[in-house]
Amino acid sequence: MKLLVLGSAAGGGSPQWNCNSEVSKAVRRQDEGTSIRTQSSIAVTSDGESWFLFNASPDLGSQIFKNHQMHPKKDLRHSPIKGVVLTNGDVDHVAGLLSLRERQDLSIYAHPRVHSVLKQNSIFNVLNPDYVDRRDMEMNKEFQLKDKDGKFTGLSIEAFEVSGKIALWLEDESKGKNFGTEEGDTIGLKISSVEDKKSFFYIPACAKMTDDLRARLYGSKLVLFDGTLWVNDEMENSKVGQKTGQRMGHMNNSGPDGSMAAFEDIEVERKIFIHINTTNPILLPNSSERREVENNGWEVSFDGMEIEI
């Protein structure tokens with residue numbers, strides 16, 4: 001099984017188009033070791049030919065162009081991409097579906113809550129149902145991913161709910177402090193190869209480490225985990241926004257309530273941050289924050305990162 005990081009950044013990428021934070025400026029200057037990052041998405045294959053996308057970012061068109069694994073290989077109409085699995089309804093995870101509208105067979109898996117959002121927004125009707133199957137995911141049950149024609153792709157997944165919140169663009173202030181958040185608005189995934197039973201976890205958004213999640217992750221070979229912010233009030237500290245990480249449904253990396261501390265007693269062979277905001281100093285290779293991350297056994301993902309599992 002192979003994993004390809006198509007996009008490693010949070011919403012807006014890094015640098016964001018209108019952000020002038022220190023990190024964004026360093027990336028624009030092309031300081032040594034920095035790199036442009038597109039919005040969060042990964043691609044996975046069990047055979048090197050058929051790939052599934054996990055989230056479809058607004059940058060999907062450029063991500064496909066930059067990665068030869070995603071290119072058409074045969075016939076005038078072809079794609080190695082057989083389908084998409086969505087972990088939530090965030091713009092940076094669903095907008096890329098619009099780039100997959102060109103009469104191509106696909107299967108899209110998502111929680112019924114997310115499918116209902118896509119159904120209510122008529123712009124997603126460009127995904128012609130004659131070519132695109134929308135399939136509900138049952139939580140806490142492993143199942144094999146199939147292409148549009150029902151052929152198994154060699155990959156299986158188990159989806160499970162994690163602490164989070166409803167997508168920002170779907171918030172309803174009349175529904176109280178959780179803005180209408182319900183179970184299923186944010187999920188994590190265990191992704192496995194059917195043939196060799198190897199697996200890893202992909203959790204690009206998570207607001208809290210729970211006992212259930214800790215038990216799931218214990219003993220795993222690889223976890224790609226929410227790396228959005230270094231500290232909870234990072235946006236305000238950087239003077240580029242007011243929302244905290246918790247307000248947006250994300251754990252911070254550092255501190256006693258952060259993800260690094262939460263993972264200290266979880267046996268995981270390899271831990272990688274993904275979905276990293278453009279204000280996060282771990283994006284700078286020479287920062288003290290990057291050193292702290294690496295000293296704690298974490299890696300920082302980057303666009304084009306390839307991992308064989």
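**Notebook: the open sheet and Thr-34**

I began with the sheet, which is open and has seven strands in the order E6-E5-E4-E3-E2-E1-E14, with mixed pairing. At its edges I found strand E6 (132–136) and strand E14 (306–308), each of which pairs on one side only. From one strand to the next, the twist averages 20°. I note here that the model I am reading is a predicted one.

I then looked up how strand E3 (residues 51–54) is joined to strand E4 (residues 81–85), and found four bridges between the two, which run parallel. Within this pairing I located Phe-52, which stands opposite Gly-83 in E4.

Next I turned to helix H4 (residues 112–120), which lies across strand E5 (106–110) and E6, and I recorded that this helix runs at about 140° to E6. E6 is also one of the two edge strands that I had noted above.

My last entry concerns Thr-34, which I placed in the loop between helix H1 (22–28) and strand E2 (41–45). Is Thr-34 buried or exposed? I entered Thr-34 as buried because its relative accessible area is 16%, and the cut-off for buried is under 20%. For its side chain I looked up a polar atom, which lies 2.6 Å from the backbone oxygen of Asp-31. Leaving aside neighbours within four places in sequence, I listed Ala-26, Val-27, Leu-284 and Pro-285 as the residues in contact with Thr-34.

Terms used
Residues numbered from 1 in each chain as written. Predicted model: local features only at pLDDT ≥ 70, side-chain atom pairs only at ≥ 80, totals over all residues. Heavy atoms only, no water. Pairing = 2+ DSSP bridges. Axes fitted to C-alpha atoms, helices over the stretch in contact; angles between N-to-C directions. Contact = heavy atoms within 4.5 Å. Buried < 20%, exposed > 50% of the residue type's maximum accessible area, 1.4 Å probe, protein only. Polar contact = N/O pair within 3.5 Å; in protein donor to acceptor, adjacent residues only side chain to side chain.
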